[in-house]
Each structure stands twice: as structure tokens, then as C-alpha cells.
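Here are some exercises to work through with the model open beside you. Try each task before you read its solution.

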Amino acid sequence: MKTRVRFAPSPTGFFHIGSARTALFNWLYARHTGGTFVLRIEDTDHERNTEEALTVLKDGMRWLGMDWDEGPDVGGEYGPYFQSRRDDIYAKYLEILRKNGRAYDKDGAVFFKVSGEEQVLHDAVYGNVARTEEKDFPIFRSNGTPVFHFVNVVDDICMEITHVIRGQDHLTNTNKHLELFKAFGAPLPQFAHIPLILKSDGQGKMSKRDRGALIEEYQQKKFLPEAVVNYLSLLGWNPKNDREIMSAEEIAKLFDFPGIVKSNARFDERKMAHFNTEHIRMLPADKFRALALETVKEAENIDLGSDGEYVKKVFALCQPKASNMESFPSMVDYFFTDEYAFDETAKERVFKKGDPLARLAEVKEIFEKLDSLEAEKTHDAIAAYAEAKGVKPTEFFSITRFAVSGHAGGPDLFPMLEVLGKDRVLRRIAAALKSLA
RNA sequence: GUCCCUAUCGUCUAGCCAGGUCUAGGACAUUGGAUUUUCAUUCCAACGACCGGGGUUCGAAUCCCCGUGGGGACGCCA
């Protein structure tokens with residue numbers, strides 16, 4: 001039988017990292033098994049702007065590369081995929097319960113009559129979990145709208161969902177669902193509950209107010225979606241072979257229930273950042289260039305000019321040193337303007353010892369004699385001069401970098417000077433000699 | 001309060017199910033070195049954990065019990 005899994009969010013206006021991870025595990029399992037990934041919108045009982053909220057959700061899903069096979073925009077055999085449009089189906093299923101004597105009216109609402117028998121869940125992650133649901137619970141509110149537990153089960157039955165992968169916070173709700181499946185005489189799906197994501201500090205699970213809790217944040221901060229997917233996949237799952245940096249395809253290939261961890265995981269934004277850095281470094285040059293271009297263009301104070309080849313060289317030079325895209329514009333700004341600022345802490349560091357300005361003046365003279373600043377030649381020229389003078393070559397490096405870029409760090413110095421070009425470098429050194437004096 | 005889940009470095013985790021090969025492995029973070037070509041790179045190293053107590057066993061991180069810690073569910077929210 002073909003696997004059918006679903007992600008069933010209610011559009012709230014933001015895409016929570018926990019939801020995203022649940023979606024991801026479903027998506028991974030579908031791709032791993034060659035099955036179908038259904039996106040079902042649980043939009044009952046919500047007055048919020050669902051159109052906008054839905055967009056946030058869909059954008060987030062698409063950004064992370066979690067394409068759905070059935071659901072909004074793509075349709076499918078099992079629609080409608082919005083609970084708000086399935087009232088007739090719910091009415092039909094309520095009738096079944098009434099006929100079986102499992103539903104009754106109370107206070108204007110409809111209640112489900114529980115069996116009172118112990119239910120044993122065979123969970124793919126947590127094993128057998130026994131629990132008894134003691135109280136009858138409402139399945140339709142007094143305003144006539146159906147309740148989550150009811151619609152969730154009915155939809156899973158109708159959509160022939162084979163595996164229910166969801167957060168562990170539903171573990172104790174599952175009794176209710178088991179009772180309902182049985183009351184309908186429907187086959188049970190395989191349940192797989194996954195551990196929760198906890199706050200990095202403090203108590204409880206990640207809430208929307210915690211930093212790093214919303215997928216929108218990662219989009220805004222220009223994280224690579226593949227990095228977010230990679231990190232999220234490893235929060236509560238692992239391939240058992242110490243592999244960490246992986247593509248979504250690799251993860252999907254390896255993903256399965258036995259690798260899912262039972263205990264909750266604490267979110268760590270530093271490790272998330274690390275994955276982001278690794279994925280940036282791994283990006284093929286052309287993809288990185290496209291991303292860099294987009295990022296820099298959004299930083300309005302930077303004018304890339306008209307020399308496409310120059311831009312290309314700059315980005316290629318900086319990619320290996322880029323730790324995140326958010327700060328990338330500030331990392332490359334000086335390549336495109338002579339009006340760069342001199343970083344104060346960098347200045348302190350550079351001027352801490354020796355006589356940097358004297359060195360800089362010497363560098364200027366050395367460079368003036370060269371016909372171009374080809375990296376190796378430039379280096380050799382300084383090294384030769386330094387040796388003749390009996391000074392360490394390193395004494396020239398920091399000040400040169402600082403003079404032409406305003407930073408203490410950045411891409412490899414000599415390739416950087418080569419990209420900048422002799423004219424620009426000499427112009428900047430001359431200016432710096434005056435302004436830093 | 002009741003019920004359910006869970007417990008290895010600060011964090012994510014491997015090992016546990018089929019007990020010995022574990023002086024417990026990897027990653028992030030931190031600290032310290034190296035690359036005498038800077039650096040936001042790379043490499044190397046250090047630091048650092050089996051929650052406590054009982055039991056089973058020749059032997060327990062691994063199996064069992066009890067505590068304790070952590071998390072969750074108990075809504076006419078989803």
C-alpha cells in the first residue's frame with residue numbers, strides 16, 4: 001500500500017518552527033517511501049485573516065522546499081483540503097455515530113460517548129502506550145462547528161492517511177482518536193509521535209515569542225532553506241552514522257522512524273548558524289552568486305556598478321569567508337565604494353603596536369613600482385622588501401587590509417588586493433595615509 | 001491535582017532493544033595551539049556526560065523497581 005501522510009496546520013499567521021519540523025518529518029517520510037504528502041488546512045473556527053495566514057504558511061513550506069502532492073493550489077483526489085469546506089462530510093460521519101449510539105446532544109453541543117476501555121497505541125516511536133479515556137468529549141460545538149478531534153480523525157479516514165506523524169503533545173490525545181477510529185470501524189493508521197522542540201533557555205517548548213521560533217525569521221535573515229531543513233531534521237532524528245551536513249535528498253533517503261529520538265530537544269541557534277555557514281560554503285559558485293546578488297541588491301546603500309566580471313570576482317573571493325548572508329553586504333561593501341567606514345575596534349587592533357602608518361607608506365611605494373597587483377607578485381614584493389629591511393612581513397598586512405577595506409578581517413588579503421586592482425588600492429592607501437594620520 | 005512520555009558532555013546526539021570490545025564516540029559552543037600570508041578560513045589539541053538509590057548478573061550506560069529532574073495532555077483551541 002502506498003504511504004499517505006499529511007501535514008494539517010491551522011493557519012495562524014505565522015509558521016512555527018515546531019510545525020515546520022512536523023511538516024518536514026512528514027515530507028521526509030513521504031519522499032523516503034515514495035508516498036504522497038498531503039497538505040490539509042485545519043481552518044475551522046478561526047476569525048483571523050486566513051487568506052494572509054495561509055500565504056505565510058504556503059510561502060514557508062515552499063521556501064523550505066516541502067512540496068505537497070495534494071492540497072491547496074495543487075488539488076487532488078481527496079479534496080476539499082480545507083476543513084471549512086467539508087461540512088457535509090462531517091455531517092455524514094456524525095450520522096454514523098448517532099446511529100451507533102455513540103453521539104448524543106448535551107447543552108446544545110454534540111458529545112462522543114467513549115467506550116471506557118483501555119486503548120493501546122502502538123506508536124512507531126514510543127512503542128506501546130496504554131491509556132483510558134474516561135470522559136465523553138464534544139465533537140460539535142453548540143454553534144454547530146465540529147471539533148478538532150473529530151475532524152482530524154474523519155479527514156484521516158476519508159483521505160486514507162496511512163501514517164500520522166505529529167508532535168508528542170498529541171500523545172495523550174490519541175486515545176480519543178483511537179476511540180473514534182474504532183467507532184467508525186475504520187482501520188488505524190500507523191502513529192508516529194515525535195519529540196518536541198524546547199526553548200534554548202527557560203522552561204517549556206518553543207513559543208512563537210522565542211527568538212528563532214518562526215520560519216519567517218530565517219527567511220528575513222537570509223538563511224539558506226537547505227540549512228534550516230538540515231538542522232531541523234537533526235532535532236529529534238539522526239542517521240546513526242554521525243553524518244550532519246546533508247542535503248534534503250540525502251536526508252530523505254536515510255530518514256525513517258527508528259532514527260527518531262524519544263526525548264525532547266532544546267533549540268540551539270548557534271548550531272543552526274553553523275549549519276547555515278556550512279551550506280553557504282557548499283553552494284555552487286553560480287548559486288551563491290545569484291543569492292549574493294539578491295542579498296546585496298536589497299541592501300540599498302550598495303551600488304554594484306556595471307562591471308559584471310568584477311562583481312563575479314568579488315563574490316567568488318568572499319564566499320569561502322561568508323558565515324551568513326545577512327551580514328554579507330557589510331562584508332563586501334568596500335569593494336563597491338571608496339566611502340567605506342573605518343571600523344573603530346579594528347583600528348585599535350591594527351594600531352596596537354609598531355608603526356603601521358610607516359609600513360603603509362612603504363607598501364604604497366612597493367605597489368607603485370608593480371605593474372599590477374597580481375596576488376603572488378604582490379606578496380613576494382612585500383616579503384622581499386620586509387626581508388631586506390629585517391621586518392616581519394606580517395607587519396604590513398593588517399594595516400594594508402585596514403586601509404583599503406576599513407575592516408580587520410575579510411577575504412584572503414592578496415587575492416583581495418588583486419580583485420580591487422592597483423588603481424583603487426593606491427588611491428585608498430593615499431587617502432588612508434592622510435585620514436588616519 | 002490526575003494521567004502519559006522522557007532522562008548520556010553546557011547543547012544536539014551515537015551506544016541501550018540482542019549486558020562485557022565504553023579508560024563512553026561524533027557535532028555545536030568554549031579554551032589553547034599551528035599554518036612564520038592577514039582573516040570571519042583550514043588543521044590540531046584540551047575541556048566536558050552515563051540523574052540518584054536499590055535490585056538482577058561473574059559483569060550494567062545498557063535489563064527491572066523506586067525516587068528525582070525535565071516535558072506534555074487533561075478546552076464547546078488546534
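**Exercise 1. The surface near the RNA**

Task: find which helix gives the most residues to the surface near RNA strand B, and describe that surface by element and by class.

Solution. Please keep in mind that this is a predicted model.

- Step 1: Helix H16 is the top contributor to the surface near RNA strand B, giving four residues.
- Step 2: In total, 58 residues surround RNA strand B, and the closest are Glu42, Asp107, Arg141, Gly409 and Asp412.
- Step 3: Elements that give two or more residues to this surface include strand E6 (127-132), strand E11 (265-266) and helix H9 (269-282). Helix H16 (394-405) and helix H17 (413-420) also belong to that group.
- Step 4: Sorted by class, the surface has 19 nonpolar, 21 polar and 18 charged residues.

**Exercise 2. A sheet of three strands**

Task: work out the order of the strands in the open sheet that holds E4, and say which strands are at the edges.

Solution.

- Step 1: The order is E3-E4-E7, with antiparallel pairing.
- Step 2: Strand E3 (103-106) and strand E7 (137-140) are the edge strands, each pairing on one side only.
- Step 3: From one strand to the next, the twist averages 45°.
- Step 4: Now take the pairs one by one. E3 and E4 are joined by four bridges, and Ala103 stands opposite Phe112 of E4. The hairpin of E3 and E4 has two residues between the strands, and Asp107 there takes a positive phi near 55°. Asp107 is also among the residues closest to RNA strand B.
- Step 5: On the other side, E4 (residues 109-112) pairs with E7 over three bridges. Here Val110 has Phe140 as its bridge partner.

**Exercise 3. Two faces of one strand**

Task: which side chains of E4 point to the face where they are buried, and which point to the other?

Solution.

- Step 1: In a regular strand, side chains alternate between the two faces of the sheet.
- Step 2: E4 shows this alternation: Val110 and Phe112 point to one face and are buried. Ala109 and Phe111 point to the other face and are not buried.

**Exercise 4. Buried or partly exposed?**

Task: decide whether Ala346 is buried or partly exposed, then look at how covered helix H5 is.

Solution.

- Step 1: Ala346 lies in helix H13 (residues 344-350).
- Step 2: A buried residue needs 20 or more other C-beta atoms within 10 Å, and an exposed one has 12 or fewer. Ala346 is partly exposed because it has 17 C-beta neighbours inside 10 Å.
- Step 3: Beyond its neighbours within four places in sequence, Ala346 is in contact with Phe402, His407 and Ala408.
- Step 4: Helix H5 (residues 174-183) is mostly covered, with eight of its 10 residues buried. Among them are Lys176, His177, Glu179 and Leu180. Just after H5, Gly185 takes a positive phi of about 65°.

**Exercise 5. Where two domains touch**

Task: describe the contact between domain 2 and domain 3.

Solution.

- Step 1: Chain A is divided into domain 1 (4-197), domain 2 (283-335) and domain 3 (344-435).
- Step 2: The C-alpha centres of domain 2 and domain 3 are 23 Å apart, and each of these domains brings eight residues to the contact.
- Step 3: On the domain 2 side, helix H11 (residues 308-318) gives the most, with four residues.
- Step 4: That side has six nonpolar, no polar and two charged residues.

How values were computed: Residues are numbered from 1 along each chain as its sequence is written. Chains are lettered from A and ligands numbered from 1 in the order in which they are written. This is a predicted model: local features need pLDDT of at least 70, side-chain atom pairs count only at pLDDT 80 or more; totals for chains, interfaces and linings use all residues. Two strands pair if DSSP finds at least two bridges between them. Axes are lines fitted to C-alpha atoms, for helices over the stretch in contact, and angles run from 0 to 180 degrees between N-to-C directions. Domain bounds come from an automatic or database domain assignment. Two residues are in contact if their C-beta atoms, placed from the backbone, lie within 7 Å. Ala, Val, Leu, Ile, Met, Phe, Trp, Tyr, Cys and Pro count as nonpolar, Asp, Glu, Lys and Arg as charged, and the others, Gly among them, as polar. A residue is near a molecule or strand if its C-beta atom, placed from the backbone, lies within 6 Å of it.
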